[in-house]
Amino acid sequence: MVKRLQNYIGGRFVDAEATEYVPVYNPATCEVLAECPDSSRADVDRAVQAAKAAFDEWRSTPVLSRAQYMFRLKTLLEDNFERLARIVVEENGKTRDEARGEVRRGIESVEFAASVPSLMRGYKLEDVSSGIDETAERQPLGVFAAITPFNFPNMVPLWFLPTAITTGNTFVLKPSPQTPISMDVLFELLDELDLPEGVVNLVHGGKEASMALMEHPDVVGVSFVGSTPVAKIVYETCAKYGKRVQAQGGAKNYIAVMPDANMEASVANIMGSAYGCAGQRCLAGSVVVAIGDAYEPLKAELTKRAAAIRVGSGLEETTQMGTVISPEARDRIERMIEEGVKEGAKVILDGRGKKVEGYENGSFVGPTILDEVKPEMTVAREEIFGPVLSIMHVPDLNSAIEVINKSRYGNAASLFTNSGKAAREFKYRVRAGNIGINIGIAAATASFPFGGQKESFFGDLHGQGLDSIEFYTDKKILIERWL
Ligand code: NAD
């Protein structure tokens with residue numbers, strides 16, 4: 001029997017009122033793992049009402065007590081580490097090590113939230129006028145929601161939930177219907193914490209549930225992570241309904257390589273960036289910009305290394321690259337490769353039609369390299385979100401920076417070089433939210449803010465770090481005179 005997932009509302013798992021359920025597949029086998037409800041507006045309203053009812057008591061629960069829940073959550077996550085990682089492999093298709101890395105990053109966000117008593121303090125200034133003192137106090141705001149993507153089903157929700165609740169807010173999460181099982185299990189663990197009813201709530205679903213959260217008058221703010229077209233909808237809708245919003249969108253990440261770079265270390269790093277998680281990372285390197293004489297050795301080495309990647313089911317420990325999320329994603333990626341060819345790119349490593357023995361129904365795309373890519377081609381402009389690396393050749397660093405800055409996305413960009421001067425210029429001029437120098441995946445750790453620029457991010461306060469404290473609290477001003 002395939003499990004029908006339930007929502008978690010007001011401290012218990014409950015059936016959704018939804019009439020439609022969508023199958024959740026293991027993308028390596030096409031086996032149905034669970035059925036996910038397409039929750040209705042009524043389901044969302046129940047969750048928001050539960051969160052609203054819990055808010056007053058929760059916000060007055062001492063902050064030290066709120067933080068204690070995070071220590072207990074961390075212990076539960078550590079105790080269930082391998083189980084959580086396995087679920088990520090099964091529902092998302094990534095490798096075991098990638099899934100372990102994801103769960104570790106999620107735990108780091110819980111650790112960050114445990115330090116909220118130090119982070120959400122306000123500030124005070126005596127004698128702003130004679131005998132008058134002024135204080136800025138940080139206060140929670142009410143019910144926050146998060147809408148999250150398929151590609152990090154465990155980690156991304158944990159960017160938000162822990163900090164939102166330790167700062168004293170209550171929370172409703174709507175995970176991706178393609179990978180909802182990770183959160184089903186997380187909420188089982190949250191249930192063991194005995195948090196007051198309604199502090200955390202889970203509503204499964206798709207577009208309708210997202211819209212219901214954004215339009216709900218009792219939701220004060222929304223954190224979103226997903227593709228750029230949806231991020232725009234989220235930003236506009238939340239603005240229309242007067243809410244705080246942080247909307248992290250899609251990406252097209254460029255990696256520039258100078259001729260003076262350590263070629264071996266650079267190639268190893270670029271491999272991880274382009275093909276890790278089968279290219280389904282918002283920080284995935286998508287276009288390599290080879291500068292001057294870096295081009296020939298880089299092309300040769302990248303092709304050799306990429307061709308040797310072992311593709312298979314993430315559950316096999318020897319697999320180096322897993323599946324993409326679905327047959328539809330595989331077909332879309334293959335169509336984009338085709339589009340690249342039509343526009344003049346050369347396929348020097350072709351991952352189309354990839355079959356893996358024993359996993360004939362899996363959604364595999366092999367590592368692919370497109371050469372002679374030009375900035376105006378679709379493969380250089382649009383997010384592919386698969387294991388496809390494009391190579392461009394430019395004469396100098398300035399040309400590389402110009403190409404990168406023309407992209408409408410700005411999530412991440414990396415430079416491989418041994419020159420401090422080049423590194424500084426790159427960091428200074430490139431318009432991307434996350435810059436890697438000799439690092440292929442510049443992923444901010446939990447105490448730093450994470451977000452892109454241009455069409456990779458809509459809003460001002462990023463996820464994680466001190467930005468998340470700002471996002472989840474308001475600064476109330478108190479001016480006092482005692483006569
Ligand atoms: P998606 O935009 O399709 O879905 C994200 C979430 O929005 C899901 O919960 C989905 O149910 C919901 N949704 C989908 N369509 C909607 C609509 N029309 N209205 C309201 N809600 C809707 O993204 P995805 O395919 O799940 O994830 C992949 C995308 O996420 C990629 O573009 C990737 O770059 C991006 N991403 C960005 C970051 C970042 O930090 N910038 C991190 C991870 C993933």
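These legends describe close-up views of a predicted model.

**View 1. The ligand and the residues that come nearest to it.**
The shell around the ligand holds 27 residues, of which T148, S227, Q248, G249 and E383 come nearest. Three polar pairs can be picked out in this view. A polar backbone atom of T148 is 2.7 Å from an oxygen atom of the ligand. S227 takes part through its side chain, where a polar atom lies 2.6 Å from a ligand oxygen. Q248 also takes part through its side chain, with an N or O atom 2.8 Å from an oxygen atom of the ligand. On its own the ligand has 850 Å² of accessible area, and the protein covers 88% of this.

**View 2. The make-up of the shell around the ligand.**
What kinds of residue form the shell around the ligand? There are 13 nonpolar, eleven polar and three charged residues. The elements that give two or more residues to the shell are helix α8 (207–215) and strand β11 (219–225). Where does the ligand lie with respect to domain 1 and domain 2? Domain 1 spans 3–249 + 456–481, and domain 2 spans 253–437. Both domains give residues to the shell, so the ligand lies between them.

**View 3. K454, a residue with a positive phi.**
Most residues other than glycine have a negative phi. K454 is not a glycine, yet its phi is positive, at about 50 degrees. K454 belongs to strand β21, which covers residues 453–454. Is K454 buried or exposed? The cut-off for buried is under 20% relative accessible area. K454 has a relative accessibility of 18%, so K454 counts as buried.

**View 4. Q464, a residue in a loop.**
Q464 sits in the loop between β22 (457–458) and α16 (465–472). The phi of Q464 is near 70 degrees, which is a positive value in a residue other than glycine. The relative accessible area of Q464 is 6%, so Q464 is buried.

**View 5. Strands β19 and β20 side by side.**
Strand β19 (residues 412–416) and strand β20 run parallel and are joined by four bridges. Within this pair, L415 stands opposite I437 of β20. Which residues of strand β20 (residues 434–437) point to one face, and which to the other? The side chains alternate along the strand. N434 and G436 point to one face and are buried. I435 and I437 point to the other face and are not buried. I437, the residue opposite L415, is thus on the face that is not buried in β20.

Note on methods:
Residues numbered from 1 in each chain as written. Predicted model: local features only at pLDDT ≥ 70, side-chain atom pairs only at ≥ 80, totals over all residues. Heavy atoms only, no water. Near = heavy atom within 4 Å. Polar contact = N/O pair within 3.5 Å; in protein donor to acceptor, adjacent residues only side chain to side chain. Areas by Shrake-Rupley, 256 points an atom, 1.4 Å probe, with all protein chains shown as cover. Nonpolar A, V, L, I, M, F, W, Y, C, P; charged D, E, K, R; others polar. Domains from an automatic or database assignment. Buried < 20%, exposed > 50% of the residue type's maximum accessible area, 1.4 Å probe, protein only. Pairing = 2+ DSSP bridges.
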